[in-house]
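Thanks for making the time this morning. I would like to walk through one model with you, slowly, and please keep the picture in view while I talk.

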Amino acid sequence: MNLPNVGDLRHRVTFELRKSVPNDQAGFSNVTTCTFTVWGDIQPVGAQIFWNTSQIGQTVTHRVFTRCIDGKTRPQDLTKLIRIVCNGLKYRVMRVSDIAGKDRFTVIDVQQEGVVQS
């Protein structure tokens with residue numbers, strides 16, 4: 001995979017990290033613990049398969065590229081990453097890796113979930 005040019009990172013990408021915390025009903029609730037926004041690029045990887053209005057299958061639909069930032073966007077920092085929001089759409093994270101092992105850019109394979117509700 002080729003390294004992106006820095007000028008390609010033209011979208012604001014918001015990362016949401018979540019964890020489970022105890023709630024009042026003797027169960028657990030998912031709570032967003034950390035949200036931050038960086039510059040990134042998002043690219044579709046293939047055609048999506050839809051039946052009526054629902055997506056079929058659990059496949060990677062897009063790739064998100066960001067600069068590798070210590071403590072934020074390195075693959076080892078994104079272990080509890082659940083969702084990415086970009087351009088009003090939300091994406092579920094499938095895989096996170098370093099491009100070519102150079103510690104310069106992180107690539108995140110995601111599946112599109114839908115539109116962010118305001």
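Let me start with a question: which residue in S2 is the bridge partner of Thr 14? It is Thr 37, and I should say at once that we are looking at a predicted model, so please hear everything that follows in that light.

That pair belongs to a longer arrangement, in which strand S1, residues 11–22, and strand S2, residues 28–44, run antiparallel and are joined by 12 bridges. The two strands form a hairpin with 5 residues between them, and in that turn Ala 26 has a positive phi of about 60°.

S1 also pairs with strand S6, residues 81–86, again antiparallel, and here 5 bridges make the connection. Phe 15 lets us follow both pairings from one residue, since Phe 15 stands opposite Phe 36 in S2 and also opposite Ile 84 in S6.

If we now step back to the whole sheet, the order S1-S2-S5-S8-S7-S6 gives a closed barrel of 6 strands with antiparallel pairing. Neighbouring strands of this sheet are turned by 45° against each other on average, with direction ignored.

Finally, the cysteines: are Cys 68 and Cys 86 buried or exposed? Buried means under 20% relative accessible area, so Cys 68, at 15%, counts as buried, and Cys 86, at 2%, counts as buried too. As for disulfides, the count for this model comes to 0.

Terms used:
Residues are numbered from 1 along each chain as its sequence is written. This is a predicted model: local features need pLDDT of at least 70, side-chain atom pairs count only at pLDDT 80 or more; totals for chains, interfaces and linings use all residues. Side-chain values use heavy atoms; hydrogens and water are left out. A disulfide is a pair of cysteine sulfur atoms within 2.5 Å. Buried means under 20% relative accessible area, exposed over 50%, partly exposed in between (1.4 Å probe, protein chains only). Two strands pair if DSSP finds at least two bridges between them. Helices (H or I, at least four residues) and strands (E, at least two) are DSSP runs, numbered from the N terminus. Axes are lines fitted to C-alpha atoms, for helices over the stretch in contact, and angles run from 0 to 180 degrees between N-to-C directions.
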